[in-house]
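Biologist: I am new to this structure and would like to be taken through its interior. Could we begin with the terms required?

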Amino acid sequence: MASPLPSVASSRPKRLVVLVSGSGTNLQALLDAIAAEGAGAYGAEVVAVGADRGAIAGLDRAERAGIPSFVCRVKDHPDRAAWDRALTEAVAAYEPDLVVSAGFMKILGKEFLARFGGRVVNTHPALLPSFPGAHGVRDALAYGVKVTGCTFISSTTESTPARSSPRAWSRSSRTTRWRAKPPSTNASRTSSARCSSRSWGVWPATATALRDERF
């Protein structure tokens, strides 16, 4: 059964575990926002960073910030179900109030969401239901969109994946939030930078809303 979002009754900062797969720019935005206010004033702190592979910039960011990290690779387990159980236990060890999937490119399984459902927030670098999948930025720019952005989803059900089709999200998500803006016309920037950076600034605000149960 999905756990409820943490109550705001407690005065302690909410504990966040952030999952990453790459550069960790969304993680950095969250760390910067917390550092600017202090964990007590912000109301949340990142207590651990997890990844599905080693030697990535996201883990380097965690190390520089003095935050514990762990790596849970699919190939180190006999099957995806075993990996999902291992990831669940690795995250649970840090007793999070909220799990933030910040560019984590693996589907979270049933056991993970049974443990943390209702306390998981995910991002997609396009305005769902348009351009789902792993290449949302590329597909949006190739289509020639006039407006792009990012989508944030707070899940509650055991079946909701970290990244999936818009139909699955509409069935299973708690709430969806969008942030839109015209894509950059600066040709010197990569396609990912032209669209994905839209999510960096809104991540801290979304985490704050979830912390306060306003999402």
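Modeller: A residue is called buried when its relative accessible area is under 20%. The model shown here is predicted. Under that cut-off, phenylalanine 104, with a relative accessible area of 2%, is buried.

Biologist: What percentage of the 215 residues in the chain is buried?

Modeller: The chain contains 9 helices and 7 strands. Of its 215 residues, the buried ones make up 47%.

Biologist: Which element gives the most to the largest nonpolar core?

Modeller: This core has 21 residues, and Val18, Val20, Leu30, Val46 and Val49 have the most contacts inside it. At least two residues come from each of β1, α1, β2, α3 and β4. The element that gives the most, with 5 residues, is α1.

Biologist: Are the rings of tryptophan 83 and phenylalanine 104 stacked or edge-to-face?

Modeller: Tryptophan 83 is buried, at a relative accessible area of 0%. Its ring centre lies 6.4 Å from that of phenylalanine 104, and the planes meet at 15°. Planes under 30 degrees apart count as stacked, so this pair is stacked.

Biologist: Which parts of the chain does this pair tie together?

Modeller: The two parts are 21 residues apart in sequence. Tryptophan 83 belongs to helix α4, and phenylalanine 104 to the loop between β4 and α5.

Biologist: How are the rings of phenylalanine 112 and phenylalanine 116 arranged?

Modeller: Both residues lie in helix α5, 4 residues apart, and are thus separated by about one helical turn. Their ring centres are 4.9 Å apart, with 55° between the planes. The arrangement of this aromatic pair is tilted.

Methods: Residues numbered from 1 in each chain as written. Predicted model: local features only at pLDDT ≥ 70, side-chain atom pairs only at ≥ 80, totals over all residues. Heavy atoms only, no water. Buried < 20%, exposed > 50% of the residue type's maximum accessible area, 1.4 Å probe, protein only. Core = buried A, V, L, I, M, F, W, Y, C linked by side-chain atoms within 4.5 Å. Phe/Tyr/Trp six-rings, centres within 6.5 Å; stacked < 30°, edge-to-face > 60°.
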